[in-house]
Amino acid sequence: QAVKQFGDTGALTYFKSKKIAVVSSRDSYLVLQFGIVEKDKSKSGKREYYLSSKSKDLPDYPPTQGCVRSANYLTGFYVIEQEPNVCEVHFFMEADLQISMFIAKQVIPRSSNYANLLREYMVKTE
């Protein structure tokens with residue numbers, strides 16, 4: 001959910017996960033940056049896209065009641081166009097979700113769909 005737009009390539013967004021079993025919802029405000037590297041300027045010789053984000057705690061956006069504020073140090077996608085309508089997608093994430101690793105491994109796969117998130121974003125920005 002976009003909170004503020006920064007030109008054509010950036011935004012402040014709000015992300016909130018659902019509560020699952022005994023694990024409270026997590027939320028964060030993310031600064032997003034989107035870019036395209038054209039074929040003639042990329043190392044691969046193919047069109048490349050990136051979408052990166054970093055969480056930011058801002059005084060105007062305090063933690064939401066009932067949520068635990070997570071920290072996303074760097075999260076994003078790196079996409080290399082292989083041919084029309086075919087892409088190689090790399091997802092990366094370094095975050096502190098404020099939860100034990102044992103529980104995170106059980107909960108996170110059920111609470112997220114990063115491929116769909118990327119698809120929706122790409123469709124909106126085409």
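1. A good place to start is one small contact: the side chains of Ser28 and Asn72 are joined by a polar contact of 3.1 Å. Ser28 belongs to strand β3. With a relative accessible area of 1%, Ser28 is buried, because buried means under 20%. Leaving aside residues up to four places away in sequence, Ser28 touches Thr13, Tyr14, Phe15, Ser55, Arg69, Ser70 and Asn72. Please keep in mind while reading that this is a predicted model.

2. Now for the overall layout. The protein chain contains 2 helices and 7 strands. Followed along the sequence, these elements give the pattern β-β-β-β-β-β-β-α-α. Of the 126 residues in the protein chain, 31% count as buried. If you take the contacts between residues at least 6 apart in sequence, 41% of them join residues at least 24 apart.

3. How confident is the predictor, and where is confidence lowest and highest? The protein chain has an average pLDDT of 83, and 82% of the residues score at least 70. Helix α1, residues 101-111, has the lowest confidence, with a mean of 61. At the other end of the scale is β4, where confidence is highest, at 93.

4. Which residues make up the largest nonpolar core? There are 6 of them: Leu32, Phe34, Tyr49, Leu51, Phe77 and Val79. Strands β3, β4 and β6 (71-83) are the elements that each give two or more residues to this core. So β4, the element with the highest confidence, is also one of the contributors here, as is β3, the strand that holds Ser28.

5. Next come the charged pairs. Searching the whole structure gives 3 salt bridges. One of them brings together the side chains of Asp27 and Arg69, at 2.9 Å from N to O. This pair links distant parts of the chain, since Asp27 sits in strand β3 and Arg69 in strand β5 (residues 67-69), 42 residues apart. Are these two partners buried or exposed? Asp27 is buried, with a relative accessible area of 0%. Arg69 also counts as buried, at 14% relative accessibility, because the cut-off for buried is under 20%.

6. Arg69 has a second salt-bridge partner: its side chain meets that of Asp57, at 3.4 Å from N to O. Here too the pair links distant parts of the chain, with Asp57 in the loop between β4 (48-55) and β5, Arg69 in strand β5, and their positions 12 residues apart in sequence. Asp57 is exposed, with a relative accessible area of 57%. Through shared partners, the salt bridges join Asp27, Asp57 and Arg69 into one network. Remember as well that Arg69 is among the residues that Ser28 touches.

7. The remaining salt bridge to look at is formed by the side chains of Arg47 and Glu38, at 3.2 Å from N to O. Arg47 counts as partly exposed, at 25% relative accessibility. Glu38 counts as partly exposed too, at 38%.

8. Let us turn to the cysteines. How many disulfides does the structure hold? The number is 0. Cys67 counts as buried, at 14% relative accessibility, whereas Cys87 is partly exposed, with a relative accessible area of 42%.

9. Another serine deserves a visit. Ser24 is placed in the loop between β2 (10-16) and β3 (25-37). Ser24 is partly exposed, with a relative accessible area of 31%, whereas Ser28 is buried. Apart from residues up to four places away in sequence, Ser24 touches Lys19, Gly66 and Val68. Ser24 and Ile99 lie 75 residues apart in sequence, and their C-alpha atoms are 9.6 Å apart in space.

10. Finally, have a look at Phe91, which lies in strand β7 (residues 86-96). Phe91 is partly exposed, with a relative accessible area of 36%. From C-alpha to C-alpha, Phe91 and Val79 are 8.7 Å apart in space, and 12 residues separate them in sequence. Val79 is one of the residues in the largest nonpolar core, so Phe91 is left out of that core because a nonpolar core is a set of buried residues and Phe91 is partly exposed.

Technical notes
Residues numbered from 1 in each chain as written. Predicted model: local features only at pLDDT ≥ 70, side-chain atom pairs only at ≥ 80, totals over all residues. Heavy atoms only, no water. Helix = DSSP H or I, 4+ residues; strand = E, 2+ residues; numbered from the N terminus. Buried < 20%, exposed > 50% of the residue type's maximum accessible area, 1.4 Å probe, protein only. Contact = heavy atoms within 4.5 Å. Polar contact = N/O pair within 3.5 Å; in protein donor to acceptor, adjacent residues only side chain to side chain. Salt bridge = Lys/Arg side-chain N within 4 Å of Asp/Glu carboxyl O. Disulfide = S-S within 2.5 Å. pLDDT = per-residue confidence, 0-100. Core = buried A, V, L, I, M, F, W, Y, C linked by side-chain atoms within 4.5 Å.
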